[in-house]
Structure formats: structure tokens, C-alpha cells
Amino acid sequence: MKNRKVFLAGLTLMLLSPLANADLAKAGHEVKESAVEAAKKTAQVGREIGHATAETAKAVGHAVADGARKGYHATRDALSDGSSSHSNPPADETKGREPNQSN
């Protein structure tokens, strides 16, 4: 009787072993597919963050350049409109001369 119980237990384990292996293989495959899907989603989020950062940097750069240009023009106009000694010389004095040549 004791031998019969041991034999039946061994037979049962032997028959269930391939089923357990199949379940393990299926679970492993599902884990792999989930990991691949998560990696793809993470890459997509990273790409979107990169594009958003680049667009923001571009907008900031344009805003800084525009502000600098406006400041330069405002300063130039303020200096040329005043009666200071730094005003532009009359047009006839600059004819035929390179802009960076001194008198």
C-alpha cells in the first residue's frame, strides 16, 4: 500500500511536470513581451520630452535674440536722436570711406 502511494505520487508529478514547464514558459514569454512594450513606451516618452525641450530652447533663443535686437535698436536710436557728441556724422563726411576707417 505504501509503495502504491509513492508510485502514484511519482506518476502524478511526472505527468504534471510538462504542464508546469509550459506554464513557466508562457509566463516567461508574457514577462518578456511586457518588458518590451514598457521599453517602447519609455522610449516614446523620452522622445516627446526631447522634442519639447528642443522646441522650448528654440523659443527662448528667439525671444532672447529679439529682446537683444530691440534693445540694440532702442539704444542706437536714443544715442542718434540726442545732441551728444556720439551722434552719427553727416552723410557727406562718410562718402567714399569704409565704415571702420578713422579720419
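This passage describes the helices, surface and salt bridges of a predicted protein model.

Residues are numbered from 1 along each chain as its sequence is written, and in this predicted model local features need pLDDT of at least 70, side-chain atom pairs count only at pLDDT 80 or more, and totals for chains, interfaces and linings use all residues. Side-chain values use heavy atoms, with hydrogens and water left out.

The protein contains two helices and zero strands; helices (H or I, at least four residues) and strands (E, at least two) are DSSP runs, numbered from the N terminus. Helix α1 covers residues 2–81. For its 80 residues, a rise of 1.5 Å a residue predicts a span of 118 Å, and the distance of 115 Å between the end C-alpha atoms agrees with this; the expected span is defined as 1.5 Å times one less than the number of residues. A kink of about 30° is nevertheless found in α1 at Leu-16, shortly before the proline Pro-18, the bend being the angle between axes fitted to the seven residues ending at a residue and the seven starting there.

Of the 103 residues of the protein, 0% count as buried. Buried denotes under 20% relative accessible area, exposed over 50%, and partly exposed in between (1.4 Å probe, protein chains only). The accessible surface amounts to about 9400 Å², with 61% belonging to carbon and sulfur atoms; accessible areas come from the Shrake-Rupley method with a 1.4 Å probe, and for residues only the protein chains shown count as cover.

Phe-7, Leu-8, Leu-11, Met-14 and Leu-15 make a nonpolar surface patch of about 530 Å². Patches are made of residues with over 30% relative accessible area and no salt bridge, like charges being joined within 9 Å and nonpolar side chains (Val, Leu, Ile, Met, Phe, Trp, Tyr) within 5 Å. Within this patch, Leu-15 lies in helix α1 and is exposed, at 56% relative accessible area.

Four salt bridges are found in the whole structure, each defined as a side-chain nitrogen of Lys or Arg within 4 Å of a carboxyl oxygen of Asp or Glu. One of them links Lys-41 to Glu-37, with the closest N and O atoms 3.3 Å apart. These two residues are four apart in α1, a separation of about one helical turn. Lys-41 is exposed at 53% relative accessibility, whereas Glu-37 is partly exposed at 45%. An α-helix has 3.6 residues a turn, so residues three or four places apart point the same way.

Asp-66 takes part in a salt bridge with Arg-69 (3.1 Å, N to O) and in another with Lys-70, at 3.5 Å between the closest N and O atoms. Through these shared partners, Asp-66, Arg-69 and Lys-70 form one network. Within α1, Arg-69 is three residues from Asp-66 and Lys-70 is four residues from Asp-66, about one turn of the helix. Asp-66 is partly exposed, at 31%, as is Arg-69, at 46%, while Lys-70 is exposed, with a relative accessible area of 56%.
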